[in-house]
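User: I am new to this structure and would like a close look at one part of it, the place where two charged side chains meet, followed by an account of how that part sits in the rest of the chain. Please take me through it step by step.

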Amino acid sequence: MNFQPLGKRVLVERVEETKTTASGIIIPDNAKEKPLNGKVLAIGNEIENIKVEDNIVFAKYSGTEITLDSKTYLVLNLDDVLGIIK
C-alpha cells in the first residue's frame, strides 16, 4: 500500500471488535456496527499530535472509505478524530 493523505487527514485501518459476547454468544457480521476506533497507518503533512501506529477513536459517521490492494481503509479529517487510546 502506498497512500499519503494530504493536509490534515489520516489513513486509518479499523480495529475489528470481538465477535463473541462475554457469555459466549457469537455475533454475526451483519448484526455488528462498524468499529469507531482504528490504527493510524499514514498522516498528512499538517498533523503534529498524531503519529503512525497510534490507536485512535473517531466520530461515528465520519471519513471516507477507500479500497487499496483489496482492503478497505478510512480517510479521516483531523477534526473527526476524538482522541488517542493509550
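Analyst: The side chains of E13 and K71 come together in a salt bridge, with 2.5 Å from N to O; the term stands for a side-chain nitrogen of Lys or Arg within 4 Å of a carboxyl oxygen of Asp or Glu. The model is a predicted one, in which local features need pLDDT of at least 70 and side-chain atom pairs count only at pLDDT 80 or more, while totals for chains, interfaces and linings use all residues. Residues are numbered from 1 along each chain as its sequence is written, and side-chain values use heavy atoms, with hydrogens and water left out.

The E13 and K71 pair links distant parts of the chain, since E13 belongs to strand β1 and K71 to strand β5, 58 residues apart. Strands, like helices, are DSSP runs numbered from the N terminus (E, at least two residues, for strands; H or I, at least four, for helices). E13 counts as partly exposed because its relative accessibility is 22%, and K71 is also partly exposed, with a relative accessible area of 38%. On this scale buried means under 20% relative accessible area, exposed means over 50%, and partly exposed lies in between, with a 1.4 Å probe and protein chains only.

The two strands that carry this pair are themselves partners. Strand β1 (residues 9-14) and strand β5 (residues 71-77) pair in the antiparallel sense over four bridges, where pairing requires that DSSP finds at least two bridges between two strands. R9 stands opposite N77 in β5. β1 also pairs with strand β2 (residues 37-43), again in the antiparallel sense, over five bridges, and there the bridge partner of R14 is G38 in β2. β5, for its part, is joined to β4 by five bridges, the two running antiparallel, and T67 has T72 in β5 as its bridge partner.

These pairings belong to an open sheet of six strands with antiparallel pairing, in the order β4-β5-β1-β2-β3-β6. β4 (64-68) and β6 (81-85) stand at the edges with a single partner strand each, so one side of each is left without a neighbour in the sheet. On average, neighbouring strands of this sheet are turned by 45° against each other, direction ignored; the axes behind such angles are lines fitted to C-alpha atoms, for helices over the stretch in contact, and angles run from 0 to 180 degrees between N-to-C directions. The protein chain has six strands and zero helices.

The E13 and K71 pair is one of three salt bridges in the structure. Another is formed by the side chains of E65 and R14, at 3.9 Å from N to O; E65 lies in strand β4 and R14 in strand β1, so this pair ties together parts that are 51 residues apart in sequence. E65 is partly exposed, with a relative accessible area of 41%. The side chains of K39 and E53 also meet in a salt bridge, at 3.5 Å from N to O, and because K39 lies in strand β2 and E53 in the loop between β2 and β3, that pair ties together parts 14 residues apart in sequence. K39 counts as partly exposed at 29% relative accessibility, whereas E53 counts as exposed at 51%.

Away from the charged pairs, the strands also supply nonpolar side chains. The largest nonpolar core has ten residues, among them V10, V12, F58, L74 and L76; such a core is a set of buried Ala, Val, Leu, Ile, Met, Phe, Trp, Tyr and Cys residues joined through side-chain atoms within 4.5 Å. β1, β3 (55-58) and β5 each supply at least two residues of this core. A second, separate core of five residues includes L11, A42, Y73 and V75.

F58, which is found in strand β3, counts as buried because its relative accessibility is 1%. Residues up to four places away in sequence aside, F58 touches V12, L74, L76 and V81, among others, a contact being heavy atoms within 4.5 Å. F58 and L82 are 24 residues apart in sequence and 5.0 Å apart in space, C-alpha to C-alpha. For the protein chain as a whole, 26% of its 86 residues count as buried.
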